[in-house]
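Here is a short run of questions on strand pairing and model confidence. Take a look at the fold before reading on.

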Amino acid sequence: MRNFLKIASILTIGFFFTACIGEGDSSASEGFSKSGKAGSLDVTYSSPKPLVVGNNNISVKISEHGKVVKGAKVDFKIFMPEMPGMPYMEEVQNFKSNGDIYNGTVNFSMGGTWQVKVFIEKDGKKYKYSSSVII
Ligand SMILES: [Cu+2]
């Protein structure tokens, strides 16, 4: 019985560990950060604080083959599908370029799961990064 519990707890810890890595969350830091691919681009979006209902300062960092991508057009879109008693909601922000990152303020108007799309235009090419967050 003792061995079984030991194995079960090791498996549980292992599962959470894998889940975190798989999601691309950096749970170790206090803020929020998530990353993934948009074609050949690596995209990370983050906030110095955990995301909340209301305004959030969000930064997007883009790199290609390890090199920071500057001067791209970055649109940050969030949306929540229609639900019983709630219409479809969306917000799109054009993020301003600020050195190596792109910044914007995003307002999550309610709690729940929001879909996130980052549209990037670089050298006439279009890229899209899809993600989601739970507020
Ligand atoms: Cu909703």
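**Strand pairing around S3**

Q: How many residues lie between S2 and S3 in their hairpin?
A: This is a predicted model. S2 covers residues 41-47 and S3 covers residues 54-64. The two strands form a hairpin, and the residues between them number six.

Q: Which residue in S3 stands opposite Asp 42?
A: S2 and S3 run antiparallel, joined by six bridges. Within this pairing, the residue in S3 opposite Asp 42 is Ser 63.

Q: Which residue in S4 stands opposite Ser 63?
A: S3 also pairs with S4, residues 67-68, in the antiparallel sense over two bridges. Ser 63 faces Asp 42 of the S2 pairing. In S4, the residue opposite Ser 63 is Val 68.

Q: Which residue in the turn between S3 and S4 has a positive phi?
A: S3 and S4 form a hairpin with two residues between them. A phi of about 50° occurs in that turn, at His 65.

Q: Which residue in S7 stands opposite Ser 59?
A: S7 spans residues 101-108 and is antiparallel to S3. Eight bridges link the pair. Opposite Ser 59, S7 places Asn 103.

Q: Over which residues does pLDDT stay under 50?
A: The chain averages a pLDDT of 86, and 79% of the residues score at least 70. One stretch stays under 50, and the model has seven contacts for it beyond four places in sequence. Where pLDDT is low, the predicted coordinates should not be read in detail. The stretch is residues 13-28.

Methods: Residues numbered from 1 in each chain as written. Predicted model: local features only at pLDDT ≥ 70, side-chain atom pairs only at ≥ 80, totals over all residues. Pairing = 2+ DSSP bridges. Helix = DSSP H or I, 4+ residues; strand = E, 2+ residues; numbered from the N terminus. pLDDT = per-residue confidence, 0-100. Contact = placed C-beta atoms within 7 Å.
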